[in-house]
Amino acid sequence: MTETVIEVIDELRVVELIHDAPVIEVLQQDTVVEVIDAQPVIDVVDQSTVVELSAAGPRGERGPAGAPGGTAHEHVQESASTTWTINHNLGFRPTVELRTTGGHEFWGEVQHTSDNQVVIHLNSPLAGSARLI
């Protein structure tokens, strides 16, 4: 069981606790705090504020599994081009980092054509590399 501490400063407070709540601190006038089946820490600092916490609703469906940690793809564009087509087969739409052959980061228009391919559009032809993470 969690220890319940209520600190009320000033007047005109209504604090109702149902079940355990660790710390509730109310610092302004005309504040109502109602805690129902929760374990929050609440700091109320505005006048005439009502805070009501209740139990969470039912859990939603589990989402699809994410990519394994550390999954990345390195692409080297050896010939200068305004369009780089990269087939990465990662199964998701990765973040793309672009670098010149000299290692300087640059920007281009990134178009995810699918979860396994990305097309980079550049204003002028460049060679370099792309790291997809």
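These legends go with a set of close-up views of a predicted model.

**View 1. The whole chain, an all-strand affair with eleven strands and zero helices.** Follow the sequence from start to end and the pattern reads β-β-β-β-β-β-β-β-β-β-β. The chain has 133 residues, and 25% of them count as buried. Its accessible surface is about 9,000 Å², with carbon and sulfur atoms supplying 47% of that. Among contacts with a separation of 6 or more, 38% are between residues 24 or more positions apart.

**View 2. The largest nonpolar core, built from eleven residues.** The full cast is Trp84, Ile86, Leu90, Val96, Leu98, Phe106, Val118, Ile120, Leu122, Ala130 and Leu132. Strands E7 (73–87), E8 (96–100) and E11 (117–132) each give two or more residues to this core. The top contributor is E11, with five residues. As a general backdrop, nonpolar side chains in soluble globular proteins tend to be buried together.

**View 3. Ala130 and its neighbours.** Ala130 belongs to the largest nonpolar core. Setting aside residues up to four places away in sequence, Ala130 touches His73, Glu74, His75, Trp84, Ile86, Val96, Glu97 and Leu98. Several of these also appear in the core list, including Trp84, Ile86, Val96 and Leu98.

**View 4. One aromatic pair, found in a search of the whole structure.** The partners are Trp84 and Phe106, with ring centres 6.0 Å apart and planes at 80 degrees, so the pair counts as edge-to-face. Distant parts of the chain meet here: Trp84 sits in strand E7 and Phe106 in strand E9 (residues 105–106), 22 residues apart. Are these two rings buried or exposed? Trp84 is buried, at a relative accessible area of 0%, and Phe106 counts as buried too, at 12%.

**View 5. Arg131 and Glu74, one of two salt bridges in the structure.** The closest N and O atoms of Arg131 and Glu74 are 2.6 Å apart. This bridge ties strand E11, home of Arg131, to strand E7, home of Glu74, across 57 residues. Arg131 is partly exposed, with a relative accessible area of 35%. Glu74 is partly exposed as well, at 49%. Glu74 also turns up among the residues that Ala130 touches.

**View 6. Arg93 and Asp115, a salt bridge between loops.** Here the closest N and O atoms come to 3.2 Å. Arg93 is in the loop between E7 and E8, while Asp115 is in the loop between strand E10 (109–114) and E11, with 22 residues separating the two. Arg93 counts as partly exposed at 48% relative accessibility. So does Asp115, at 36%. In general, side chains of opposite charge can pair when their charged atoms come close.

**View 7. Gln77, a buried polar side chain in strand E7.** Gln77 has a relative accessible area of 13%, and the cut-off for buried is under 20%, so Gln77 makes the list. What does its side chain reach? One partner is the side chain of His75, joined to Gln77 by a polar contact of 3.0 Å. Another is the backbone oxygen of Ser79, at 3.2 Å from the Gln77 side chain. Leaving out neighbours within four places in sequence, Gln77 is in contact with Trp84, Leu126, Ala127 and Gly128. Trp84 is the residue from the aromatic pair in View 4.

Technical notes:
Residues numbered from 1 in each chain as written. Predicted model: local features only at pLDDT ≥ 70, side-chain atom pairs only at ≥ 80, totals over all residues. Heavy atoms only, no water. Helix = DSSP H or I, 4+ residues; strand = E, 2+ residues; numbered from the N terminus. Buried < 20%, exposed > 50% of the residue type's maximum accessible area, 1.4 Å probe, protein only. Contact = heavy atoms within 4.5 Å. Areas by Shrake-Rupley, 256 points an atom, 1.4 Å probe, with all protein chains shown as cover. Core = buried A, V, L, I, M, F, W, Y, C linked by side-chain atoms within 4.5 Å. Phe/Tyr/Trp six-rings, centres within 6.5 Å; stacked < 30°, edge-to-face > 60°. Salt bridge = Lys/Arg side-chain N within 4 Å of Asp/Glu carboxyl O. Polar contact = N/O pair within 3.5 Å; in protein donor to acceptor, adjacent residues only side chain to side chain.
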